[in-house]
Amino acid sequence: MLNPRKILLVHPLGYSAEAANRDVSRLANLMPPLGIASLAAYLEQRGIAATLIDCFARPDSDSLIAEFLRTEQPAFIGFSCTTSSFLDGVRLAKLARTVLPGVRTVFGGPHVSALKGRILEDYDAVDFVVVGEGEETIHELMACGGEGAEAVQGLILRQKDALPLFTGYRPKGLELDSLPFPAYDKLEGFPGAYKLPIFNYPSTPNTSCISSRGCPYACSYCDRSVFGRSFRYNSAEYLYEHMRFLRTRFGIRHINFYDDQFTFHRGRVEALCDRLLKEPLGMSFNCAVRAEHIDETLVRHMKKAGCWMMSLGIESGDQELLSHHRQNPDLDMLAGRIRMIKAAGIRTKGLLMIGLPGETEQSIRRSMDYVFSLPIDDFNLAKFTPFPGSPLYETIHEEGEFEEDWAKMDCMHFQFVTKGMTRERLEQLFRDFYEGHFRRPKVLWGYVTMLWKSPDSWLRFLGGLRGFLAFTRRTERIQESS
Ligand code: B12
């Protein structure tokens with residue numbers, strides 16, 4: 001008999017272990033899967049043994065998963081999936097069933113929260129889908145052992161001779177201060193095995209962290225299926241204790257807050273900074289902000305408390321295009337705030353995307369002009385991808401050509417090409433954008449200063465480059481000899 005008080009929680013990779021070794025983005029950017037770490041801490045608190053396997057940190061984990069299932073015989077295995085990693089999750093669920101017949105497979109995360117019943121209809125390997133916030137739902141599901149699960153809210157399950165049943169959204173979000181800190185200690189190799197993006201931190205060890213759930217905005221390209229449009233957050237006191245825990249338990253010296261809207265509640269950020277100044281932890285931090293939710297006093301206060309870098313979603317530098325896809329699309333205001341952050345001595349990172357519906361060569365050139373006119377130190381350019389759950393997904397086929405290949409929907413492929421554009425042209429403009437950024441003397445100088453501001457980044461950059469070139473040479477040799 002399988003153990004009903006044991007679960008294995010897996011963060012699938014999305015592609016082969018071999019491909020993982022040449023995926024520069026994975027090597028440059030490896031962050032702890034906070035969703036399953038939070039579930040594990042919550043379950044452990046309630047007497048359920050949860051084990052985590054993060055395939056991003058351990059790309060060759062098929063055998064590890066199989067071995068765990070054989071020896072530990074858990075009644076449940078859970079998978080946390082984005083769109084690009086979902087099919088890999090299904091593959092692992094099939095593997096789990098072969099190794100341990102009778103194990104119940106549960107899927108959670110953005111992709112399944114958006115597609116709901118369609119997942120159970122199309123994928124036999126999935127027994128249950130958890131929609132939205134998962135802590136209470138998975139606990140209740142395990143408590144009932146999967147029998148009578150119709151009573152568990154937030155769940156989709158199979159029914160005999162009928163379509164899958166969605167038991168309905170949970171009426172109330174969790175009080176975030178009541179949650180235990182994520183079970184970082186259950187992530188093999190934490191913190192050393194995890195790395196923030198190169199040039200995005202001054203010191204090691206570092207990690208990412210989440211201190212709120214939800215976002216009240218409704219941008220056309222963003223999937224809000226998991227936490228919805230409310231905004232719940234940890235108090236300044238809880239957050240300070242979370243930081244202190246990371247510092248004392250793991251020696252963490254820098255945190256990247258991945259909240260969608262870190263400064264949305266101004267008061268709590270102010271209070272956190274007050275506390276960090278009064279009782280310093282010897283830590284710095286990055287966060288993502290929306291320009292409407294910062295001001296000079298706050299930014300300067302954050303700088304004093306240890307803020308090292310702020311990321312801002314710019315998305316596009318074309319006013320007209322932006323106004324179709326985002327609320328408050330005021331590019332002048334945004335530019336002013338970016339200059340303000342920079343003047344306060346904080347690094348700035350711009351988050352952009354190209355290929356939105358309505359994008360043209362001119363709008364991309366305008367984006368480049370806009371970004372290159374600003375004191376942006378670092379930037380990330382995503383290839384627009386219409387994710388299930390985002391408002392644009394509903395009507396995307398009217399806007400251009402969309403090849404819905406989930407495994408490739410990772411913002412690194414142009415799966416969607418808007419009317420009047422070609423994929424080749426988008427690729428060329430994408431390259432031009434990056435090259436334009438790296439050709440700017442100020443930007444280059446900024447990366448040079450990272451030699452002393454973030455020496456670890458340079459070591460990783462050079463190490464990664466060597467590994468990548470060696471891999472490419474090896475692959476070429478194999479291809480030549482075959
Ligand atoms: C941090 C982050 C990253 C990090 C780290 C990801 C990681 N290691 O987990 C980095 C930068 C590497 C990253 C990369 C990508 N990301 Co990202 N990322 C986020 C972000 C901002 C926070 C994720 C997080 O930690 N949330 C906090 C935890 C507590 O929530 P959670 O993971 O959703 O888990 C809860 C529930 O979903 C549920 N749950 C989750 N898993 C499971 C499993 C089981 C069994 C159960 C029962 C429940 C359950 O319960 C959890 C607790 O309540 C989210 C947006 C957001 N605010 O959530 C986007 C988000 C997840 N990312 C997104 C995307 C698109 C990507 C990329 C494809 C491209 C990109 N933007 O760079 C890549 C792909 C990575 C991949 N694994 O496939 C999309 C996903 C959309 C989709 N349908 O795929 C999101 C939702 C942003 C958005 N709104 O568009 N990302």
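**Exercise 1. How far apart do the C-alpha centres of domain 1 and domain 2 lie, and what joins the two domains?**

*Solution.* The model is predicted: local features need pLDDT of at least 70, side-chain atom pairs count only at pLDDT 80 or more, and totals for chains, interfaces and linings use all residues. Residues are numbered from 1 along each chain as its sequence is written, and side-chain values use heavy atoms, with hydrogens and water left out.

Step 1. Begin with the division of the chain, which comprises domain 1 (3-166), domain 2 (196-439) and domain 3 (440-482); such bounds come from an automatic or database domain assignment.

Step 2. The C-alpha centres of domain 1 and domain 2 are 28 Å apart.

Step 3. Contact (heavy atoms within 4.5 Å) links 24 residues of domain 1 with 24 residues of domain 2.

Step 4. Buried area is the accessible area (1.4 Å probe) that two parts lose on being put together, summed over both. For domain 1 and domain 2 this amounts to about 1800 Å², 62% of it on carbon and sulfur atoms. Met31, Thr83 and Glu133 contribute 28% of the area that domain 1 buries against domain 2, more than any other three residues.

**Exercise 2. Characterise the polar interactions between domain 1 and domain 2, and the elements on the domain 1 side.**

*Solution.*

Step 1. Count the salt bridges (a side-chain nitrogen of Lys or Arg within 4 Å of a carboxyl oxygen of Asp or Glu): there are three between domain 1 and domain 2. The side chains of Arg232 and Glu133 form a salt bridge with an N to O distance of 3.0 Å.

Step 2. Assign the secondary structure, in which helices (H or I, at least four residues) and strands (E, at least two) are DSSP runs numbered from the N terminus. On the side of domain 1 that touches domain 2, at least two residues each come from helix 2 (24-28), helix 3 (34-45), helix 5 (83-99) and helix 6 (110-115). Helix 6 gives the largest share, five residues.

**Exercise 3. Identify the cis peptide bonds at Pro191 and Pro205, and the positive phi values at Glu315 and Cys411.**

*Solution.*

Step 1. Recall the usual backbone: most residues other than glycine have a negative phi, and most peptide bonds are trans.

Step 2. Phe190 and Pro191 are joined by a cis peptide bond with omega about 5°, and Thr204 and Pro205 by another with omega about -10°. Pro191 is located in the loop between strand 7 (162-166) and strand 8 (206-209), and Pro205 is likewise in the loop between strand 7 and strand 8.

Step 3. Glu315, which is not a glycine, has a positive phi of about 70°. Glu315 belongs to strand 13 (residues 307-315).

Step 4. Cys411, also not a glycine, has a positive phi of about 70°. Its place is the loop between strand 16 (400-402) and strand 17 (416-418).

Step 5. Classify accessibility: buried means under 20% relative accessible area, exposed over 50%, and partly exposed in between (1.4 Å probe, protein chains only). Glu315 is buried, at 11%, whereas Cys411 is partly exposed, at 26%.

**Exercise 4. Is Ser363 buried or exposed, and which residues does Ser363 touch?**

*Solution.*

Step 1. Ser363 sits in helix 14 (residues 361-372).

Step 2. With a relative accessible area of 2%, Ser363 is buried.

Step 3. Leaving aside residues up to four places away in sequence, Ser363 touches Asp318 and Leu321.
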